[in-house]
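This briefing sets out the main features of the structure shown below, grouped by topic.

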Amino acid sequence: MSRSEKNVVDTTDTTLLSAIVDTAGSVILGLRPDGLIFAWNRAAEQLYQTPKQDALGTSYVDRFIAPEHRAFVKADIQEVLAGTRTLNFEDESILPDGTRRTLIWNVTRVMSDDGQPSGIVAIGQDITERKEAEERFRVIFENTHDGLLISDASGVSRL
């Protein structure tokens, strides 16, 4: 790569990263240590039915987390700020229309230039339909009086 080609790549790094974040199918958000939103991608706008400009600077936990999950989410944020990465953390979000959605999160902290935690970045996926399907299967499985056989297309039993 020539020097001029390298400079072109360097100057587009921020633009490229921004495009990746905005086109991701997962919710990506950033929170300051006080819990206020500093980053909000398009998937977050769609899921939470809230434009970026309306979300930035507001309290994510107080605005979008179900009341019974708020203490757990706040505690998790503090653990992440202290250096513990969170993988596969589930919580229940409340959308502006009152709908509840279950999300699974991977969360890490962001460090400032002086080595202090400046916030967290969280990547979440809506798993509501999966959780509902698992619950329907559990209810059927636990309440059936008949035998159940689950097999794949080749006829191999999986249970």
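Helix α6, residues 128-143, lies across β3, β4 and β5 and runs at about 130° to β4. The model is a predicted one. The strands that α6 crosses belong to an open sheet of five strands with antiparallel pairing, ordered β2-β1-β5-β4-β3.

**Sheet architecture**

- The edges of the sheet are occupied by β2 (37-40) and β3 (86-94); each has a single partner strand, so one side of each is left without a neighbour in the sheet.
- On average, neighbouring strands of this sheet are turned by 30° against each other, direction ignored.
- At one edge, β3 is joined by eight bridges to β4 (residues 100-111), and the two strands run antiparallel.
- Within this pairing, L87 has N106 of β4 as its bridge partner.
- At the other edge, β2 is linked to β1 by three bridges, again in an antiparallel arrangement.
- L29 stands opposite W40, a residue of β2.
- The hairpin of β1 and β2 has five residues between the strands, and G35 there adopts a positive phi near 90°.

**Helices across the sheet**

- Helix α5 (residues 70-81) lies across β1 (27-31), β3, β4 and β5 (117-126), and its direction is at about 145° to β3.
- Both α5 and α6 therefore have β3, β4 and β5 among the strands they lie across.

**Surroundings of T128 in α6**

- T128 is part of helix α6 and, with a relative accessibility of 5%, falls below the 20% cut-off and so counts as buried.
- Beyond residues up to four places away in sequence, T128 touches R100, R101 and T102.
- The side chain of T128 makes a polar contact with the side chain of R101 at 3.4 Å, and another with the side chain of D126 at 2.6 Å.
- T128 and E92 are 36 residues apart along the chain, while their C-alpha atoms are separated by 9.1 Å.

**The buried acidic residue D22**

- D22 is located in helix α1, which spans residues 3-23.
- D22 is buried yet has no salt bridge: the nearest side chain of opposite charge, that of R42, is 4.2 Å away, whereas a salt bridge requires a separation within 4 Å.
- Apart from its neighbours within four places in sequence, D22 is in contact with N41 and R42.

Definitions and conventions
Residues are numbered from 1 along each chain as its sequence is written. This is a predicted model: local features need pLDDT of at least 70, side-chain atom pairs count only at pLDDT 80 or more; totals for chains, interfaces and linings use all residues. Side-chain values use heavy atoms; hydrogens and water are left out. Two strands pair if DSSP finds at least two bridges between them. Helices (H or I, at least four residues) and strands (E, at least two) are DSSP runs, numbered from the N terminus. Axes are lines fitted to C-alpha atoms, for helices over the stretch in contact, and angles run from 0 to 180 degrees between N-to-C directions. Contact means heavy atoms within 4.5 Å. Buried means under 20% relative accessible area, exposed over 50%, partly exposed in between (1.4 Å probe, protein chains only). Lys and Arg count as positive and Asp and Glu as negative; His and the chain ends are not counted. A polar contact is a pair of N or O atoms within 3.5 Å; within protein, one must be able to donate a hydrogen and the other to accept it, and residues adjacent in sequence count only if both atoms are side-chain atoms.
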